[in-house]
Amino acid sequence: MSTETIITHAGAFVDGQEHANGGDPLPITDPGTGRTFAEVPGGTEVDIAVAVGAAARAFSDWSALAVSKRGEILGRAARHTEQHLDELIPLLTREQGKTLRDARIELNKAIDTLLHYVGLSKALRGVHTPNLDPGVDGIVLRRPLGVVAAIVPWNFPTTLLCNKLAPALVAGNTVVAKPAATTPLTTLRFAELLAEGGLPPGVFNVVTGSGAVTGRALVTHPQIRKVAFTGSTPVGEQIMALAARGTKRVTLELGGSDPMIICDDADLGAAASAASMGRFYNCGQACLAIKRVYVFESVADDIIEQITAKAKRLRVGRGDVKGSQMGPLHTAAQRDEVAGQVHRTLAMGGRLTAGGGPVEDPELVDGFFYAPTVVVDPPHDAPMATEEVFGPALPIWRVKDLDEAIECANASQFGLGSSVWTRDLHRARQAAERIEAGYTWINSPTKVYDELPFGGWKSSGYGKEHGQEALDYYTETKSVVFGSGS
Ligand code: NDP
């Protein structure tokens, strides 16, 4: 792997300006070429203390503003950032690997989420309970928590950030974010742009660094009141344990292995498209992604053929090359992990109908590419069934009926998303009620809406993001009783 350092950054954005981290340099690699193109120093405990201190100082003024004023300021900052999408999109593609099209979708969604909560800032209303006793009324006050830590992975650096940032800021908190060590650049520029757009100094700070050093220092800092985390289940569990000291609030958006059930009465063409989009979008690196398909026996051959054909047709290429539909995996380790899961699965059984190895294009050998892969009927205890597969590999099983499909769907430690395709209202309702997951889409691609709360069941997490409900996770309530005495 050759090294050509082009970009350097001080590593943090604190109190409205660049801040020079004191830790070791972290290489930033273009997943499409395997070449390091930037170097950013990681944050130490001292850097975290500086950032948390700035956020704590900013808190009193920010939380004292009218909620609609906070919305107005955030809205202006978001619109300013939106003016710079053409600069952010190639940067995100370069450090993450995703196609320019996927980067544009991600960044537009990030801005949409900010603006969604800006809109809610004018609509928030509270609770008043009259006549608790004669002449006695109750109200429920809502107060921000203080300084919130946002820990974000590399698969969607900006949307997963904004899912936390938007409700946190509108509710009156201030934020210190730690992006993944391999994708800090877009987040740092995003923070600069929000500040240029008028977000006051200290309200939103970013410190780059590794999870083990910078992330840990942030989570354990005594002034952090809440940790909002997206990432793997094992790290989420560690964070929950670390947050126990100080009784910090946590929300955890963790791994998933979303089942998709295709019944014999489904619109098969639409279901196959949703499966392909749901599995191969962002090169399969999404928490909410279709990771297991259960299809009724009588239509299984048709579905397998359609999904296999779509997988084979996908144009795999560097994210910055026009026409690429699927980019590389984010790191060599991530590619090897997925390849290992497919390999171990096929060693146990199942039939490979697409992919199963590297992409056969000499131009792509240095990048972290893996061909879109479909495996049919592997054993139900194979890695592709029991583990989260964070890449472009999809297992498909034949099932006899809805009961078997739901039983298989629920036989997982995860419970993030799920989907069902049927024209039968009774089946749709059965699936929606019985599948153990935070989301069930019926005859719909697995698109996340800001309007609806989203969060995992079981080992997929704790708490909700999106929806008005997200605000509950960034506020404390206090009950106040107005008595009748003078
Ligand atoms: P991690 O869960 O390790 O990382 C997510 C974030 O947490 C990163 O910013 C990471 O920092 C940080 N972090 C790691 N350890 C700590 C810690 N002890 N304290 C505080 N912060 C910490 O995910 P990975 O990137 O390692 O991916 C591993 C696997 O997780 C993937 O293969 C995939 O299966 C799954 N995953 C699932 C996601 C989802 O949304 N469901 C998202 C990402 C990954 P840093 O990266 O700098 O070490």
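How far is an oxygen atom of the ligand from a polar backbone atom of Ala181? The two are 2.8 Å apart, and the views below start from there. This is a predicted model, in which local features need pLDDT of at least 70, side-chain atom pairs count only at pLDDT 80 or more, and totals for chains, interfaces and linings use all residues. Residues are numbered from 1 along each chain as its sequence is written, and side-chain values use heavy atoms, with hydrogens and water left out.

**View 1. Polar contacts of the ligand.** A polar contact here is a pair of N or O atoms within 3.5 Å. Besides the Ala181 backbone, look for Lys178, where a polar side-chain atom lies 3.0 Å from an oxygen atom of the ligand. Glu388 also takes part, with an N or O atom of its side chain 3.2 Å from a ligand oxygen. On its own the ligand has 860 Å² of accessible area (Shrake-Rupley method, 1.4 Å probe), and the protein covers 83% of that area.

**View 2. The shell around the ligand.** A residue is near the ligand if one of its heavy atoms lies within 4 Å of it. There are 27 residues around the ligand, and those that come nearest are Val152, Trp154, Ala181, Ser232 and Cys287. The shell divides into 13 nonpolar, 11 polar and 3 charged residues, with Gly counted among the polar ones and Asp, Glu, Lys and Arg as charged. Elements giving two or more residues to this shell are α7 (211–220), β11 (224–230) and α8 (233–244); helices (H or I, at least four residues) and strands (E, at least two) are DSSP runs, numbered from the N terminus.

**View 3. The hairpin of β4 and β5.** Strands pair if DSSP finds at least two bridges between them. Here β4 (residues 25–30) and β5 (residues 35–41) pair in the antiparallel sense over 6 bridges. Find Ile28 and you will see Ala38 of β5 opposite. Between the strands are 4 residues, and Gly34 takes a positive phi near 75°.

**View 4. The hairpin of β6 and β7.** Strand β6 (residues 127–133) runs antiparallel to β7 (residues 136–144), joined by 4 bridges. Thr129 has Gly138 in β7 as its bridge partner. The hairpin has 2 residues between its strands, and Gly135 in the turn has a positive phi of about 75°.

**View 5. An open sheet of 7 strands.** The order is β15-β16-β17-β14-β13-β19-β20, with mixed pairing. At the edges, β15 (351–354) and β20 (441–442) each pair on one side only. Strands β14 (residues 290–296) and β17 (residues 393–399) run parallel, joined by 4 bridges; Phe296 has Val399 in β17 as its bridge partner.

Notes: A polar contact is a pair of N or O atoms within 3.5 Å; within protein, one must be able to donate a hydrogen and the other to accept it, and residues adjacent in sequence count only if both atoms are side-chain atoms.
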